[in-house]
Amino acid sequence: MGVEAAMAGKAANAPTTYSPSPSQKPARPIFEDVDWVRADGRNFHECRPAFMKTGAANAASGSAYAEFGNTKVIVSVFGPRESKKAMLYSDIGRLNCNVSFTTFAAPTRGQGSDNKDFSSMLHKALEGAIILESFPKTTVDVFALVLESGGSDLPVVVSCASLALADAGIMMYDLVAAVSVSCIRKSLIIDPSSDEESYQDGSLMITCMPSRNEVTQLTLTGEWSTPKIHEAMELCLDACSKLGKLLRTCLRDAASV
């Protein structure tokens, strides 16, 4: 399916995807000593179907909704507006980010520190892409709510937040796309689901500005060999490039309505 048709809707017969490589069958089992395929039928290097739209919250300056497989996220942006806290004069604006989960986002989830970590990581992913000098002495607030946690939650939050910022008219150097890869035994699984994340030996997430080919954040957990890191980075960057095209298509479609 072409990129231009990505935002035409969630077509039942041909869902949108941004797979970074041609389809391949898994070369070997990963969870059990039997032939294993991903529960949703994707190959190891295939991302989930993606649906995105802007204008999801009327009361916000800008907003967006994203649905990647079973992961569903809504992001609202408010501002630029005067900060409630006393601030010294600054030639640049201030970015606040908050990520939270609904109580029904997952059957079981230990929240708290995760939310705080996600908020900090979202801030780091977006800050380098926003032209903070364009709104001095004011604040932009980004509130992300994970409605359903289906895996790769933070990458979806980052990409959705980028759309919401653009919808709010916040000046940016480029949109920000984010993709993660899980390492399970010797296999690399892109855009993992929750079940796949629970089996991972390590994970790598990249957030980048695709048009500028600049990485805004790289997060690595677990044990990795240098060749595997390079392979995972290539997968993420390729997928981010294609996801960036879907983000721009979403904005163009919204502007043409």
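Let's call a residue buried when its relative accessible area is under 20%, exposed when it is over 50%, and partly exposed in between, using a 1.4 Å probe and protein chains only. This is a predicted model, where local features need pLDDT of at least 70, side-chain atom pairs count only at pLDDT 80 or more, and totals for chains, interfaces and linings use all residues. Residues are numbered from 1 along each chain as its sequence is written, and side-chain values use heavy atoms, with hydrogens and water left out.

With that settled, buried residues account for 49% of the 257 residues in the protein chain. Helices (H or I, at least four residues) and strands (E, at least two) are DSSP runs, numbered from the N terminus. On that basis the protein chain has 4 helices and 9 strands, and reading along the sequence gives β-β-β-β-α-β-α-β-β-α-β-β-α. Take contact to mean heavy atoms within 4.5 Å. Of the contacts in the protein chain with a separation of 6 or more, 69% join residues 24 or more positions apart.

A good place to start is helix H4, residues 226-256. The expected span of a helix is 1.5 Å times one less than its number of residues. For the 31 residues of H4 that comes to 45 Å, and the end C-alpha atoms are indeed 45 Å apart. Several H4 residues are buried, including Ala-232, Leu-235, Cys-236, Leu-243 and Leu-247. And what covers them? The cover over the buried residues of H4 includes strand S1 (50-54), strand S2 (62-68), H2, S6, strand S7 (187-190) and S8.

H2 deserves a look of its own. Its 15 residues reach 21 Å from first C-alpha to last, close to the 21 Å expected at 1.5 Å a residue. H2 is mostly covered, with 13 of its 15 residues buried. Ser-159 sits in helix H2, and its relative accessibility of 1% makes it buried. Setting aside neighbours within four places in sequence, Ser-159 is in contact with Val-176, Ala-177, Ala-178, Leu-243 and Leu-247. Both ends of this stretch have a backbone detail to check. In the loop between S5 and helix H2 (153-167) you'll find Ser-152, which has a positive phi of about 50° although it is not a glycine; Ser-152 is buried too, with a relative accessible area of 1%. Just after H2, Gly-169 takes a positive phi of about 80°.

Two more backbone spots are worth a click. Lys-137, in the loop between H1 and strand S5 (138-148), has phi near 65°, again positive in a residue other than glycine. Is Lys-137 buried or partly exposed? Its relative accessibility is 48%, so Lys-137 counts as partly exposed. Over in strand S3 (residues 71-82) sits Pro-80, joined to Gly-79 by a cis peptide bond with omega of about 5°.

Now for the aromatics. Rings of Phe, Tyr and Trp (its six-membered ring) pair if their centres lie within 6.5 Å, with planes under 30 degrees apart counting as stacked, over 60 as edge-to-face and the rest as tilted. The count comes to 3 aromatic pairs. One of them is Phe-101 with Phe-118, a tilted pair at 5.8 Å centre to centre with 45° between the planes. Phe-101 belongs to strand S4 (residues 94-101) and Phe-118 to helix H1 (residues 113-127), so this pair ties together parts that are 17 residues apart in sequence. Phe-101 and Phe-118 are both buried.

Phe-118 turns up again at the largest pocket, where it joins Asp-153, Leu-154, Glu-197 and Gln-200 as the residues nearest the centre, out of 23 that line it. A pocket here is an open set of points on a 1 Å grid over the protein atoms alone, where a 1.4 Å probe fits, with protein on both sides within 12 Å along at least five of seven lines; lining residues have an atom within 4 Å of a point. Elements giving two or more residues to the lining are H1, H2, strand S6 (177-184), helix H3 (194-199), strand S8 (202-209) and strand S9 (214-222).

Last stop: Ser-187, found in strand S7 and buried at a relative accessible area of 7%. Ser-187 and Phe-44 are 143 residues apart in sequence, yet their C-alpha atoms are 7.9 Å apart in space.
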